[in-house]
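Visitor: I should like a close look at a single part of this model. Please describe one contact between elements in detail, with the criteria applied.

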Amino acid sequence: MINDVLIWLKTFYTVSEIKILAAGSILGACFSFAIGGVDNQVWALLGFALADYITGWAAASRRDEISSRKGYKGMQKKIAMFAAVAVAYWADVAMGTNTLRSMALFGFAIVEVTSLLENIDRLGYGRYIPAFLRNKLIQIREEKGIKL
């Protein structure tokens, strides 16, 4: 049965592609298991994280501040964020609740959206951000010691 599936797959993919598909499937299953499934909240956080990373890269590029060290640090933060979601999920499992995972996802989503708005401002599109939010972003930027 498995050989038949592999023979069928080889009509569409090379052996290397099948290995990549298998590795991706295994990693995806492990990720899903670790964080309690991939639902709309997780998709939203993944989307915000990706948008934040892309706009951060674009803002750094526009300002000639691209740094592989900063990019690596950003990726580490994203990995740590999902690790924290996994810890929250398993704490929920241990306690028989369904609260901590959602709180972690929601909290990190707010952080990602804030960072996304900061990047949009750094890209020069701050005028599209409502004034009360932009003032808070400026305050956060000053607290971080970031200059525009």
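**The contact of H5 with H6**

Guide: A polar contact of 2.9 Å joins the side chains of Arg141 and Asp121; such a contact is a pair of N or O atoms within 3.5 Å, where, within protein, one must be able to donate a hydrogen and the other to accept it, and residues adjacent in sequence count only if both atoms are side-chain atoms. This is a predicted model, in which local features need pLDDT of at least 70 and side-chain atom pairs count only at pLDDT 80 or more, whereas totals for chains, interfaces and linings use all residues. Residues are numbered from 1 along each chain as its sequence is written, and side-chain values use heavy atoms, with hydrogens and water left out.

Arg141 belongs to helix H6 (residues 131-144); helices are DSSP runs (H or I, at least four residues), numbered from the N terminus. Its relative accessibility is 12%, so Arg141 counts as buried (under 20% relative accessible area, 1.4 Å probe, protein chains only).

In H5, Thr114, Leu117, Glu118 and Asp121 meet Leu133, Arg134, Leu137, Ile140, Arg141 and Lys144 of H6, contact meaning heavy atoms within 4.5 Å. By class, this contact has 4 nonpolar, 1 polar and 5 charged residues; Ala, Val, Leu, Ile, Met, Phe, Trp, Tyr, Cys and Pro count as nonpolar, Asp, Glu, Lys and Arg as charged, and the others, Gly among them, as polar.

H5 and H6 pack at about 90°, their axes 10 Å apart; axes are lines fitted to C-alpha atoms over the stretch in contact, and angles run from 0 to 180 degrees between N-to-C directions. The two helices are therefore roughly perpendicular to each other (65 to 115 degrees).

Key:
Buried < 20%, exposed > 50% of the residue type's maximum accessible area, 1.4 Å probe, protein only. Parallel < 35°, antiparallel > 145°, perpendicular 65-115°, else oblique.
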